[in-house]
Amino acid sequence: MALLLSITVLVTAASTFALVLALGAANTQLDRLVSAQSRLEMLSTISGRIGDYALLALQAGHEQPGSERTPMRAGRVLAADRTREAFARLEQALAAYVGRLVGEEQRTLMAARSRTIARLRAQFDVLDRQVDRALASEEPATAARVALDVFAAGFGAPLSQAMEEERTTALDAYTEVRELRERTIRWGLIGVTLACLLAVALYHVIGRSLVNRVSDVSAAAAAIARGRSDTRVNVTGHDELSLAMARFNRMAVHLARREARLVAAQKQLQEIVDARTAELRAANTRLENVDMARRRFFTDVSHELRTPLTVILGEVEITLRPQRPREEDLRAALLVIQSRARRLHRRVEDLLRIARSESGQIELDRSLFLVSHLLTEVCEGMSPVARAGGLVLEAGGAAEDLAVDADREWLRQTFDGLVANAVRHSPSGETVRLEAVREDGAIAIRVRDNGTGIPPDELPHVFERFWRGSAGTREGTGFGIGLALAKWIVDRHGGRIDIESSTGVDGRRRGTCVTVRLPLPVPDITLEAAQ
């Protein structure tokens with residue numbers, strides 16, 4: 001591999017060097033050709049402008065004497081300036097080309113041409129002065145013609161010689177370029193032929209064995225990819241490729257071992273998956289049965305108890321009419337029945353709402369209303385309960401323009417339950433407070449109390465249905481569905497409910513704060529629509 005790489009690098013370097021030399025020689029001759037043609041064009045331009053100058057000078061000689069700025073005289077002056085500009089450009093081109101020359105002989109030759117151009121320019125300057133004097137004489141036409149004849153006799157031969165030299169230079173450069181092209185093509189064909197012969201020789205000496213071994217490795221890799229991990233290659237030689245082939249064989253051995261272990265592990269994993277799948281299916285079946293039984297229980301209990309409880313409440317209301325006197329013990333008994341029946345009626349309603357929420361039978365009746373109105377309704381409805389427990393119920397902090405798009409009845413029942421929980425777990429003399437604020441792009445409604453609080457280990461379970469915590473054995477603690485129902489209602493509104501609570505180590509109360517966050521209404525709903 002190193003030998004092949006070295007030969008390739010050497011051949012490439014030699015080809016590049018030869019190409020650079022050929023391109024350099026071609027560039028030199030092309031620059032010589034272009035410069036000669038450019039100078040030849042400049043000489044032609046000078047000849048034409050001198051002819052224009054001579055014509056204008058003759059015409060100026062025939063104009064009336066004494067008029068200094070006649071059209072012909074002004075044209076002659078302009079033609080003289082343009083002729084000097086052409087001489088200046090030619091001298092600059094010669095100077096630039098001499099600066100690019102390398103050989104001393106060529107520099108001397110170009111310097112001689114520069115002197116010739118300088119003499120031609122000097123002759124033109126002498127002619128211009130003579131023409132000026134001739135136009136000022138008594139016979140301007142004759143004097144101007146004499147000056148032009150003298151100038152033509154001494155100017156034509158050097159100009160023709162200079163143009164012929166430039167033509168010779170251009171022809172020599174063109175000949176050199178053509179010969180260089182022919183040499184380049186000839187040596188290029190020879191080089192290509194030698195490179196092909198060298199490539200064939202290297203292939204027969206080195207490349208064929210290398211290609212065959214690479215083909216063997218490729219075929220073996222394809223066989224292993226198809227699953228034939230027992231495939232091996234024959235190692236011959238002691239070069240880098242042979243070492244790579246030996247490593248390929250070791251890799252194939254490792255792959256075969258890993259494949260065997262993988263098949264065994266896959267078989268074991270399949271057995272475990274089958275066993276766990278069977279257990280999971282059995283567990284899912286049991287859970288579905290339990291869930292179906294639970295839903296059926298709630299539905300049956302709710303429907304079976306609503307009618308008798310309604311009858312009991314009706315009888316109690318009739319019995320307690322003040323027009324008919326009752327004995328005190330009978331009245332006390334009826335009051336107890338009324339209280340228990342109402343409590344049980346609320347529980348049954350909660351059970352029925354839970355069953356409907358799980359089955360998705362309840363749809364929210366959304367409308368836009370002010371949060372302050374909602375808090376006022378909750379305070380008015382729950383004030384008797386708070387007074388009966390010796391507590392004060394306050395509402396405040398809700399801005400007059402704070403509105404929410406929600407089901408008003410469901411939210412009222414939710415906050416009724418939260419206030420009832422706060423009253424139930426707060427000692428007499430405390431205050432339960434409702435407040436609402438705009439917070440982080442949402443409406444936050446809080447119910448605060450200074451009650452006994454919730455232990456930290458029970459706080460993560462408060463939203464689980466039928467969970468009543470360590471206080472669940474006390475009478476009047478509920479069935480463990482109020483907070484679960486509240487969370488379901490808030491979730492259906494796209495909001496979030498959070499509880500913060502703590503109890504002191506010494507048993508002192510710290511209080512509980514329930515926060516309900518509801519999304520703000522869309523911007524195009526106005527406050528007038530809420531009012």
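This report walks through a predicted model of one chain, from its overall make-up to its ring pairs, its hollows and a few single residues.

Residues are numbered from 1 along each chain as its sequence is written, and side-chain values use heavy atoms, with hydrogens and water left out. Because the model is predicted, local features need pLDDT of at least 70 and side-chain atom pairs count only at pLDDT 80 or more, while totals for chains, interfaces and linings use all residues.

## The chain as a whole

The chain has ten helices and seven strands. These elements are DSSP runs numbered from the N terminus, with helices being H or I of at least four residues and strands E of at least two. Of its 531 residues, 32% count as buried; buried means under 20% relative accessible area, exposed means over 50%, and partly exposed lies in between, for a 1.4 Å probe and protein chains only. Contacts, meaning heavy atoms within 4.5 Å, often span the sequence: among those between residues at least 6 apart, 72% join residues at least 24 apart.

## A cluster of rings

The structure holds four aromatic pairs. Rings of Phe, Tyr and Trp (its six-membered ring) pair if their centres lie within 6.5 Å; planes under 30 degrees apart count as stacked, over 60 as edge-to-face and the rest as tilted. Two of the pairs are set side by side here.

| Pair | Centre distance | Plane angle | Class |
|---|---|---|---|
| Y53 and F124 | 5.1 Å | 65° | edge-to-face |
| F87 and F124 | 6.3 Å | 35° | tilted |

Y53 lies in helix α1 and F124 in helix α3 (residues 104-135), so their pair ties together parts that are 71 residues apart in sequence. F87 sits in helix α2 (residues 71-100), so its pair with F124 joins parts 37 residues apart in sequence. Ring pairs link Y53, F87 and F124 into a cluster. Are these rings buried or exposed? Y53 and F124 are both buried, F124 with a relative accessible area of 0%, and F87 is buried too, at 1%.

Helix α3 also holds D128. At 10% relative accessibility, D128 counts as buried. Not counting residues up to four places away in sequence, D128 touches Y53, R76, A80 and R84, and Y53 is also a member of the ring cluster.

## A cavity and a pocket

The hollows were found on a 1 Å grid over the protein atoms alone. A cavity is a set of points where a 1.4 Å probe fits but cannot get out, a pocket is an open set with protein on both sides within 12 Å along at least five of seven lines, and lining residues have an atom within 4 Å of a point. Grid points are joined across faces, edges and corners, and a volume is the space filled by probe spheres set on the points.

A search of the whole structure finds one cavity of 30 Å³ or more. About 50 Å³ of space lies in the largest cavity, which is lined by R39, L43, L90, L94, R113, T116, I117, A162, E165 and E166. Helices α1, α2, α3 and α4 each supply at least two residues of this lining. By class, the lining has five nonpolar, one polar and four charged residues. Here Ala, Val, Leu, Ile, Met, Phe, Trp, Tyr, Cys and Pro count as nonpolar, Asp, Glu, Lys and Arg as charged, and the others, Gly among them, as polar.

The second largest pocket has a volume of about 440 Å³. Its lining has 17 residues, and S15, A18, W187, G188 and G191 lie nearest its centre. The elements giving two or more residues to this lining are α1 (2-61) and α4 (140-225), with α4 giving the most, ten residues. The pocket lining has twelve nonpolar, four polar and one charged residues.

## Two threonines and helix α9

T414 has its place in helix α8 (residues 408-424) and counts as buried at 6% relative accessibility. T285, in helix α5 (residues 240-319), is partly exposed, with a relative accessible area of 42%.

Which backbone oxygen does the side chain of T414 reach? The partner is W410, at 2.8 Å. The T285 side chain reaches the backbone oxygen of R281 at 2.8 Å. Both fit the cut-off for a polar contact, a pair of N or O atoms within 3.5 Å; within protein, one must be able to donate a hydrogen and the other to accept it, and residues adjacent in sequence count only if both atoms are side-chain atoms.

Leaving aside neighbours within four places in sequence, T414 is in contact with A486 and I489. Both of these partners are among the buried residues of helix α9 (residues 482-492), which are L483, A484, L485, A486, W488, I489 and V490. An α-helix has 3.6 residues a turn, so residues three or four places apart point the same way. After α9 comes G494, whose phi is positive, near 80°.
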